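Me: Could you walk me through this structure slowly? I'm new to this.

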Amino acid sequence: MLSLLLKPWIASHRETREHLSDYLEDTLDARTRARIRRHLGRCEGCRALLDSLTRTLDQLRSLGGVDQPEPAPATVATVLERIRREER
């Protein structure tokens with residue numbers, strides 16, 4: 001009975017897990033964000049999942065961009081020639 005009363009106010013485990021990325025990116029509407037925030041306040045497992053996702057995203061961001069070397073002029077010429085042949 002209590003879960004039925006809380007449903008409009010607190011997100012379920014499933015809803016919380018489905019929206020964790022959106023929660024972190026702050027792209028949820030205010031009502032959904034509040035429901036998930038309330039769920040996270042009560043659920044240790046979902047908080048742990050959020051912490052794990054946060055750490056993973058932070059690590060990915062720390063990698064930064066990878067510098068790509070410019071292709072050799074001969075490679076560019078070869079690729080362009082093949083494209084021209086295929087267009088005929």
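Reply: Let us begin with a term we will need: a salt bridge is a side-chain nitrogen of Lys or Arg within 4 Å of a carboxyl oxygen of Asp or Glu. With that in hand, Glu81 forms a salt bridge with Arg85, where the closest N and O atoms are 3.7 Å apart. Please keep in mind throughout that this is a predicted model.

Me: Where do Glu81 and Arg85 lie?

Reply: Both Glu81 and Arg85 are in helix α6, and they are four residues apart, which is about one turn of the helix.

Me: What other salt bridge does Glu81 take part in?

Reply: Glu81 also forms a salt bridge with Arg84, and there the closest N and O atoms are 4.0 Å apart. Arg84 and Glu81 both lie in helix α6, which covers residues 73–87, and they are three residues apart, again about one turn of the helix.

Me: Which residues end up in one network, then?

Reply: Glu81, Arg84 and Arg85 are joined into one network by salt bridges that share partners.

Me: How exposed are those three?

Reply: Each of them is partly exposed, with a relative accessible area of 31% for Glu81 and 43% for Arg84, while Arg85 has a relative accessibility of 49%. The reason they get this label is that partly exposed covers what lies between buried, under 20%, and exposed, over 50%.

Me: How many salt bridges does the structure hold?

Reply: The structure holds six salt bridges. One of them links the side chains of Arg33 and Asp26, at 3.5 Å from N to O.

Me: Is Asp26 buried or exposed?

Reply: Asp26 is exposed, with a relative accessible area of 53%, whereas its partner Arg33 is partly exposed at 23%.

Me: Where is Asp26 found, and what is its phi?

Reply: Asp26 sits in the loop between α3, residues 20–25, and α4, residues 30–42. Its phi is positive, at about 55 degrees, although Asp26 is not a glycine.

Me: Which ring does Arg33 lie over?

Reply: Arg33 lies over the face of Tyr23, at 4.2 Å from the ring centre.

Me: And how many aromatic pairs does the structure hold?

Reply: The structure holds zero aromatic pairs.

Me: Changing topic, how many helices and strands does the protein chain have?

Reply: The protein chain has six helices and zero strands, and if you read along the sequence, the pattern is α-α-α-α-α-α.

Me: How much of the chain counts as buried?

Reply: Of the 88 residues in the protein chain, 18% count as buried. The chain exposes about 7200 Å², and carbon and sulfur atoms supply 54% of that area.

Me: What about contacts between residues far apart in the sequence?

Reply: If we take the contacts in the protein chain with a separation of 6 or more, residues 24 or more positions apart account for 57% of them.

Me: Last one: which residues form a nonpolar patch on the surface?

Reply: The patch is formed by Val76, Val79, Leu80 and Ile83, which together have about 290 Å² of accessible area. Ile83, to take one of these residues, is found in helix α6, and it is partly exposed, with a relative accessible area of 41%.

Me: Why can Ile83 be part of a patch?

Reply: Ile83 can belong because patches are made of residues with over 30% relative accessible area and no salt bridge, and its own value is 41%.

Methods
Residues are numbered from 1 along each chain as its sequence is written. This is a predicted model: local features need pLDDT of at least 70, side-chain atom pairs count only at pLDDT 80 or more; totals for chains, interfaces and linings use all residues. Side-chain values use heavy atoms; hydrogens and water are left out. Buried means under 20% relative accessible area, exposed over 50%, partly exposed in between (1.4 Å probe, protein chains only). Helices (H or I, at least four residues) and strands (E, at least two) are DSSP runs, numbered from the N terminus. Rings of Phe, Tyr and Trp (its six-membered ring) pair if their centres lie within 6.5 Å; planes under 30 degrees apart count as stacked, over 60 as edge-to-face and the rest as tilted. A charge sits over a ring if NZ of Lys or CZ of Arg is within 6 Å of the ring centre and within 35 degrees of the ring normal. Contact means heavy atoms within 4.5 Å. Accessible areas come from the Shrake-Rupley method with a 1.4 Å probe; for residues, only the protein chains shown count as cover. Patches are made of residues with over 30% relative accessible area and no salt bridge: like charges are joined within 9 Å, nonpolar side chains (Val, Leu, Ile, Met, Phe, Trp, Tyr) within 5 Å.
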